[in-house]
Amino acid sequence: GDDKPWSRSMEVRCTEVEFMLRDPVKNDQDIQYTLAAAEAGLLFMEQIEAKAQALGVLRGTLSRHILPYGTTDQSVANQSSKAKEVLENMPDEMRRRMSDKEVAYLVRGANSVRKLIRVKIADDNDLNQAQESLKTTARFFRRVTAEAEEMSIGPFRLLQTRREGQRLISPAKPGKPSNAPVFGRGGGHYQLKQQQLYNQQQQQQQQQQ
């Protein structure tokens, strides 16, 4: 039933995604935003590829103009650009074949990809890596959202519970045991620790009510 722990590959992917994201997800809204942003990022990737082909340049070359990187005062974390500067610094032959609107759109797309995941975008390899990261992130949160819907709980709660390696019992149904987690995984010491944490949380919640 629903109480099976995550597969190993989902656990690995969870860790991977956490490492890739610039900001951790803290609630259901963050999950929705991250999923939407990853999907938008993948569209941006397709567009930069199509535009580079039309211009007869490598994607990396185009993206370096869209998202300049390498000036001394610009760390990877702050790698972002403004359409105006991009237009001023773009080689003429490229500039002539792109509308201001197109440039602004690509700049916006590149900036949001940079805000979402920890990658620098300086060459074709970086773009491939960024694309893989976006795919992994989108796939992961799509799966979390779908699974949470099936179980009628919020995706963030599912993520938290799975992340802690707990078994998740569906919300209590009449005549069924309650949805208190079952701490069935890991060594005795770990199980004890989880149970203590859970008991503490329950006590805190009761005090707050």
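A residue is called buried when its relative accessible area is under 20%, exposed when it is over 50%, and partly exposed in between, with a 1.4 Å probe and protein chains only. The model used in these exercises is predicted, so local features need pLDDT of at least 70 and side-chain atom pairs count only at pLDDT 80 or more, while totals for chains, interfaces and linings use all residues. Residues are numbered from 1 along each chain as its sequence is written, and side-chain values use heavy atoms, with hydrogens and water left out.

**Exercise 1. Describe the protein chain as a whole.**

Step 1: Begin with burial, which applies to 37% of the 209 residues in the protein chain.

Step 2: Turn to secondary structure, where helices (H or I, at least four residues) and strands (E, at least two) are DSSP runs numbered from the N terminus. The protein chain has 9 helices and 0 strands.

Step 3: Consider contacts, defined as heavy atoms within 4.5 Å. Of the contacts in the protein chain with a separation of 6 or more, 61% are between residues 24 or more positions apart.

**Exercise 2. Determine which residues of helix 1 are buried and how they are arranged around the axis.**

Step 1: Establish the geometry: helix 1 comprises residues 8-20, 13 residues in total, and spans 18 Å from its first C-alpha to its last, close to the 18 Å expected at 1.5 Å a residue, where the expected span is 1.5 Å times one less than the number of residues.

Step 2: List the buried residues of helix 1, which are M10, C14, V17 and M20. Because they cover an arc of only 130° around the axis, these residues lie on the same side of helix 1; the arc is that of the directions from the helix axis to the C-beta atoms.

Step 3: Recall the general rule that an α-helix has 3.6 residues a turn, so residues three or four places apart point the same way.

Step 4: Examine the other side of helix 1, where R8, T15 and F19 are exposed.

Step 5: Identify the cover over the buried residues of helix 1, which includes helix 6 (100-116), helix 7 (124-150) and helix 8 (155-163).

**Exercise 3. Trace the largest nonpolar core and the surroundings of I117.**

Step 1: Define a nonpolar core as a set of buried Ala, Val, Leu, Ile, Met, Phe, Trp, Tyr and Cys residues joined through side-chain atoms within 4.5 Å. The largest such core has 46 residues, and those with the most contacts inside it are I117, F141 and L159.

Step 2: Assign the core to elements: those giving two or more residues include helix 1, helix 2 (28-55) and helix 7, and the largest share, 10 residues, comes from helix 2.

Step 3: Follow I117, which touches M20, L21, R22, A130, S133 and L134 when residues up to four places away in sequence are not counted.

Step 4: Approach from S133, which is located in helix 7 and is buried, with a relative accessible area of 6%. Apart from neighbours within four places in sequence, S133 contacts M20, I117 and V119.

**Exercise 4. Contrast the environment of helix 8 with that of A36.**

Step 1: In helix 8, the buried residues are P155, F156, L158, L159, T161 and R162, and their cover includes helix 1, helix 2 and helix 7.

Step 2: A36 lies in helix 2 and is partly exposed, with a relative accessible area of 44%.

Step 3: Although A36 and R142 are 106 residues apart along the chain, their C-alpha atoms are separated by 9.8 Å.
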